[in-house]
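Me: Please take a close look at one part of this model for me, the second largest pocket, and then follow the elements around it into the parts of the fold to which they belong. I would like one connected account rather than a list.

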Amino acid sequence: MEIATLTAIAARYNNQPHCVLQMLRQVQATYSYVPEEAIQFYAKHLDLPISQVRGCVEFYSFLHQAPRGKYDVYFSDSVTDRMAGSLQLAESLAAKLGVKLGEPRADGQVTVSLTSCSGHCEQGPAGLVNGRVFTWMSAERVEKMAALIEASTPVTQWPAEWFEVSDSIRKTNITLDTHIPLGESIKAFLARGPVETLNEVETSGLQGRGGAGFNVGKKWRGAYETPGVHYITCNADEGEPGTFKDRILLNSYADELFEGMTVAGLLVGAETGYLYMRGEYEYMHQQLQDCLQRRREAGVLGENVCGSGKKFDIEIHLGAGAYVCGEQSALLESVEGKRGIPRVRPPSAVKKGLFQQSTVNNNVESFVQAAQVTLKGATWFNSIGDAKSRGTKLLSIAGDCAKPGIYEVPLGTTVQEMLDLCGAENTKAVQCGGPSGTCVGKAEFGRKISYADLATGGSIMVFNEGRDMVEVARQFSHFFAHESCGFCTPCRVGTTLLQHYADKIAKGHGTERDLTELRSLGALVKNYSHCGLGETAPNPLLDTLKNFPEEYQIRLVPVDFVPDFDMNQSVSESRALTGRTDQLHQSHTSVGAEE
Ligand SMILES: Cc1cc2nc3c(=O)[nH]c(=O)nc-3n(C[C@H](O)[C@H](O)[C@H](O)COP(=O)(O)O)c2cc1C
Ligand code: SF4
């Protein structure tokens, strides 16, 4: 390892201490791990506590303290990727290459692991190799991949079609039909002024599209009325399994997103905005940087935005594999170059957010729609939707349906209408809002996608009659146990215990008493966890217990006697699969709640 390389990486980020996570990502990409010397170097060079730098390496899934293989392959382990065969493909690739899942091969050539949802569920099985996303993996492609790895063929020479990602837009409405001419929303804001714009955004009824549904105009007003320095952050973490709608906006509506961030920035008086994008979307990084540069050259970003005399610019920060970093306060910690541990609230981010200053954080879709409202007005937006949830919502639909992809629907659309749109047949259950959301059965298909009923950040997973809902809930319980940040006991211990119970029951060793324990443990984790991750982690098990009790009942043993089930083994198996052996735990608030 060359000190000159580490110095050059730091220089790329102007030696700014808060960019340490970005630097560590570069070190990982260069050396396939983050050597101890690099940790020591950055602590000294950036004048940071060594615990902060080492803490990052331990915390983020895509950073490692020991070398990975020269080819570092991750298969997406979302439930819908599994339904498409991702686990079998990962196991088959590992077997062909003679490597254990999650462990580098002795010669250092390759590592094959699983990762939480990669955000390409409608094109699964998907995954990553050396940070590049692959889609539509198949047995035939796995065969070829093994040969390419054995032959040490550079990834850049692998078949280009393996790395193609499509937008998969199936149905558009006002948002996807509206491209904003360069700078026009900013000019509309400058003409109308901050107070009128706030009124417009507030009366449009636009609620945060990341899931929690807080009124966007109200949040902006809170920051506008808070004195001092301000920041803007955009949440493009999109870690909720089954969600991939922000990917499409980042790919094809980046100007609309940056327009919205700029309007918000000028309005509250911020000079800097951060786009925090999940590491899995790194392949869009350069095109987004190019878009920002074009905007600077066109005078709609930078020193003197649209001749207003005001400065606003945007930086892009990448995540490194941690679902919890989508939680607003964890995201702020991560942008500051720390582990993504959710903060204690209050104060809200609007009062004390990034670098302890007033911060507006919104989801990608929220900024896009806010830019459109600024240009086209509140009525254009709120004449669509239902009485309590205005406008349209982008849904990413995957699973058992003929046409998975992106659907822009008016809020208030029923589950059944959505199933008809995507060509789903013999549907048994729909998971609305990802694992942290709500699982509904047939009897509830008349319910509405809306903040007043079934709130969702966008994830919709469809399961047909042939699916085993206990297995689905079990996989979600593993996801939460893996992604719990470990900060608070109810979630750290509770998600692990929930995972144990799910394994025990799924393997046919559970009893009626385990179900009772599971219910009361679920309630405890929901009620006593520190952040939205723990508050929602028990949902999949509790919902499926309520909606599909017969699927649990047929697995139970009549006596309270468990012959040979080893709970500890089930945990260590799951850690080995995901390559997370470094620490005990290393990916919403209630609707409309102030954050
Ligand atoms: C565990 C967890 C993960 C989250 N992930 C995301 C995410 O990936 N994207 C997002 O916009 N919001 C996510 N949220 C919600 C954010 O905390 C926050 O409500 C949102 O970014 C606010 O933006 P909005 O008001 O525009 O929706 C997550 C919340 C929790 C608890
Ligand atoms: S609830 Fe879970 S993810 Fe949230 S702070 Fe506690 S341990 Fe971390």
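Reply: What follows begins with the pocket, moves on to the two sheets, and ends with the loops and a ligand shell.

The model is a predicted one, and in it the second largest pocket has a volume of about 590 Å³. Its lining is made up of 26 residues, of which Gln28, Ala29, Asn130, Gly131 and Glu282 are the closest to the centre of the pocket. Four elements each give two or more residues to this lining, namely helix H2 (20-31), strand S1 (71-76), helix H13 (285-297) and strand S8 (313-318). The most is given by H2, with 5 residues. Sorted by class, the lining holds 9 nonpolar, 10 polar and 7 charged residues.

Two of the elements in that lining, S1 and S8, can each be followed into a sheet. S1 belongs to an open sheet of 4 strands, which has the order S2-S1-S3-S4 and mixed pairing. Strand S2 (110-115) and strand S4 (132-134) are at the edges of this sheet, and because each has a single partner strand, one side of each is left without a neighbour in the sheet. When direction is ignored, neighbouring strands here are turned against each other by 25 degrees on average. Strand S3 (residues 127-129) runs antiparallel to S4 and is joined to S4 by 3 bridges; Leu128, for its part, has Val133 in S4 as its bridge partner. Helix H6 (residues 86-97) packs on this sheet, where it touches S1 and S2, and its direction makes about 165 degrees with that of S2. A further helix, H7 (residues 139-150), lies across S1, S2 and S4 and runs at about 160 degrees to S1.

S8, in turn, leads to another open sheet of 4 strands, in which the order is S8-S7-S6-S9 and the pairing is parallel. S8 and strand S9 (358-363) are the edge strands, each with a single partner strand, so that one side of each has no neighbour in the sheet. Neighbouring strands of this sheet are turned by 20 degrees against each other on average, again with direction ignored. At the S9 edge, strand S6 (residues 230-236) and S9 run parallel and are joined by 6 bridges, and His230 stands opposite Ser358 in S9. Helix H15 (residues 364-376) packs on this sheet and touches both S6 and S9, with a direction that makes about 95 degrees with that of S9.

Some backbone details in the loops can be tied to the same elements. In the loop between helix H14 (328-335) and S9 lies Pro346, and the peptide bond that leads to Pro346 from Arg345 is cis, with omega near -5 degrees. The bond from Pro346 to Pro347 is a cis peptide bond as well, with omega about 10 degrees, and Pro347 is likewise found in the loop between H14 and S9. Returning to H2, the loop between helix H1 (3-12) and H2 contains Asn14, a residue other than glycine whose phi is positive, near 50 degrees.

Finally, there is the shell around ligand 2. This shell has 13 residues, and those that come nearest to the ligand are Cys485, Phe487, Cys488, Cys491 and Cys531. By class, the shell around ligand 2 comprises 8 nonpolar and 5 polar residues and has no charged residues, while the lining of the second largest pocket includes 7 charged residues.

Conventions: Residues numbered from 1 in each chain as written. Chains lettered and ligands numbered in written order. Predicted model: local features only at pLDDT ≥ 70, side-chain atom pairs only at ≥ 80, totals over all residues. Heavy atoms only, no water. 1 Å grid on protein atoms, 1.4 Å probe; cavity = no way out; pocket = protein on both sides within 12 Å on 5 of 7 lines; lining within 4 Å. Points joined across faces, edges and corners; volume = space filled by probe spheres on them. Nonpolar A, V, L, I, M, F, W, Y, C, P; charged D, E, K, R; others polar. Pairing = 2+ DSSP bridges. Axes fitted to C-alpha atoms, helices over the stretch in contact; angles between N-to-C directions. Contact = heavy atoms within 4.5 Å. Near = heavy atom within 4 Å.
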